[in-house]
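Welcome! Please take a look at the structure below, and then read on for a short guided briefing.

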There are 2 protein chains.
Amino acid sequence: MPISLHTPLDMHLHLRDGDMLKTVAPLSARTFSGALIMPNLVPPIESKEDVIRYKNRILETIGNEQFTPYMTLFFKPTYSRSFLEEVRDEITAVKLYPAGITTNSEGGLSGFDIDELRPTLEAMSDLEIPLCIHGETGGFVMDREAEFVPIYEKLAKHFPNLMIIMEHITTKESVEALDRFENLYATITLHHLMITLDDVAGGMLRPHLFCKPIAKRPEDREALLKVALKAHPKVMFGSDSAPHPREAKESPGCAAGVFTAPIALQALAELFKKNGASAENLQKFISQNAQKIYNLKPIQKEVVLTEEHFIVPKSYGGVVPFLSETTLDYSIHTVI
Amino acid sequence: MPISLHTPLDMHLHLRDGDMLKTVAPLSARTFSGALIMPNLVPPIESKEDVIRYKNRILETIGNEQFTPYMTLFFKPTYSRSFLEEVRDEITAVKLYPAGITTNSEGGLSGFDIDELRPTLEAMSDLEIPLCIHGETGGFVMDREAEFVPIYEKLAKHFPNLMIIMEHITTKESVEALDRFENLYATITLHHLMITLDDVAGGMLRPHLFCKPIAKRPEDREALLKVALKAHPKVMFGSDSAPHPREAKESPGCAAGVFTAPIALQALAELFKKNGASAENLQKFISQNAQKIYNLKPIQKEVVLTEEHFIVPKSYGGVVPFLSETTLDYSIHTVI
């Protein structure tokens, strides 16, 4: 049976800049109605002018495609209320990175002192600007996200009206935190629904599956899958699709990131079907939940997926996608 | 202060064959008095003739160096008592690999049925042939070794006179098992004393640190370090030095193995000193414990290490060593 997905949204997307932007932006724009665009460029997006200029570069790149780049700012504890008021209409969220925790996050936050953060986070709360967080500590790689959960909870408690999105969650601890605080939400990637550390390093080492947060344990994947398949109203799809040139992935010092954007809808359709979840739940996971959480009115788009084999390309313009050269059960038939 | 190490032994070494043997064997033979040579060639070493021929290839390769290759057979549950009696004088141990668990282990053991194993293991026990085991299950990569501990214990219990060596242990669970059964011993590598999964995949992905068993958690490394530094009488140094050509390590599908043999003594001297352990304990860890456990009378050799900086080469004949291009505190001054 064909599956029709309406207004798919990718609530966590890296479009990069320059040549890479030109390679990847059209791929997301073709099938998604919109995406939340991460601000960790070099240098990061930190001003209204940065946001507008980056947005224009994206729009220019995608040409006639109907696609909304929902822009974000790179969080700084120095953002003032007046600055946030001024930039409010240009952004959908502010993204917080702990310093040095992932690709291009060197200028991120070094601590989570509530008093230091209060002016900015209260202003965001009043202005209804969601705070997206890459939640990892500097601890042991398998513990970093679980160790961050108390920080999520501290922020959720001190700023009860601030909408906090736990980005690309990978652990059962984060899933459990979702229901403990009203103002905590989460995005989940495709790859964290499919792989564990076993896929990255259990057989041979597979650099194209290396990402941050790293894929965790089987019970973590199960916990993520459970809330995604039932379309828990506080979880949204966010691909965290993070392209790197093949050479940067296939050399020692391999960069972190999995490139999933162009194959995400096909793979999600297969994943939901194989796990006995309904197309309605996929629809919620891929769009309605995000629309409600972020109060979005996305561009209308309908993606029809049919049960025809789709062989994932070896590369998209020099970027190796997730599931490269494997065969998926669903193909994109039409995008209206 | 210079450190003199007498008759260093490497109780777990991969010398490979062909060109790789020619590259790596002289490096071990220069500084070690002897090493236990792993039998997982393609095809594996499974007969007396295989053993003798491989031993001769090794001896031919090392030329005039004073070095004993302590040979091993690749375990098969079909080895008869008469076969083992016949091969006894040519081997120091038999090495057991669970099927498919690491490099060239496809012909390994598929199960641990005591009744199936009894004839061979009782014969080995009677003939005082030690059994070396790569102890990992097919489970989740971070759990494989801990899950194998009950198998070690089952074997230790059913064959109380069989000397069982838990090879290249990486977890606190294996360390704890050491003292629960008289006939359980262990080798520990250099790299597992120094790295955790954080080094492999916590920052960038580092293929040259990828090995099996994979480096584990900080508390596991601490447990290993504790027994090594105090030269626990049941632990021995076994490098598990496992060379692969640079290209095989630096491409997707990176092979498992860390190449440490030529820098192991220098790095161990530094590690023991930095952790406040005595040169006497290093001496026991690097030789006396193994001599007692295996009842060896190795070729006399004295390696004098001085506190002069040693910059680890980028490569040894196309094989990238552990700690490549870093500076160690100790150099090998003379080998007598």
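In β6(A), the residue opposite Lys95(A) is Cys132(A). This is a predicted model, in which local features need pLDDT of at least 70, side-chain atom pairs count only at pLDDT 80 or more, and totals for chains, interfaces and linings use all residues. Residues are numbered from 1 along each chain as its sequence is written, while chains are lettered from A and ligands numbered from 1 in the order in which they are written.

**Parallel strands in chain A**

- Strands here (E, at least two residues) and helices (H or I, at least four residues) are DSSP runs, numbered from the N terminus.
- β5(A) covers residues 93–96 and runs parallel to β6(A), residues 131–133, with three bridges joining them; two strands pair if DSSP finds at least two bridges between them.
- β4(A), residues 68–74, is also parallel to β5(A) and joined to it by three bridges, with Phe74(A) opposite Lys95(A).
- Ala93(A) and Lys95(A) point one way from β5(A), Val94(A) and Leu96(A) point the other way, and all are buried (20 or more other C-beta atoms within 10 Å of the residue's own, against 12 or fewer for exposed and in between for partly exposed, with C-beta atoms placed from the backbone).
- Helix α3 (residues 81–87) links up with β4(A) and β5(A) in a right-handed β-α-β unit; right-handed says that, with the strands pointing away from the viewer, the path from the first strand over the helix to the second runs clockwise.
- β5(A), helix α4 (residues 114–126) of chain A and β6(A) make a right-handed unit of this kind too.

**An open sheet in chain B**

- Three antiparallel strands of chain B form an open sheet in the order β1-β11-β14.
- β1(B) and β14(B) stand at the edges with a single partner strand each, so one side of each has no neighbour in the sheet.
- β1(B) and β11(B) pair over four bridges, and His6(B) has Glu302(B) as its bridge partner.
- β11(B) and β14(B) pair over four bridges, and Leu305(B) has Ile332(B) as its bridge partner.
- Along β11(B), Val303(B) and Leu305(B) point to one face and are buried, while Glu302(B), Val304(B) and Thr306(B) point to the other and are not.

**How the two chains relate**

- A rotation of 180° with 0.0 Å of shift along its axis superposes chain A on chain B, with RMSD 0.0 Å (by least squares on the C-alpha atoms of residues with pLDDT of at least 70 in both).
- That is the relation of a two-fold axis.
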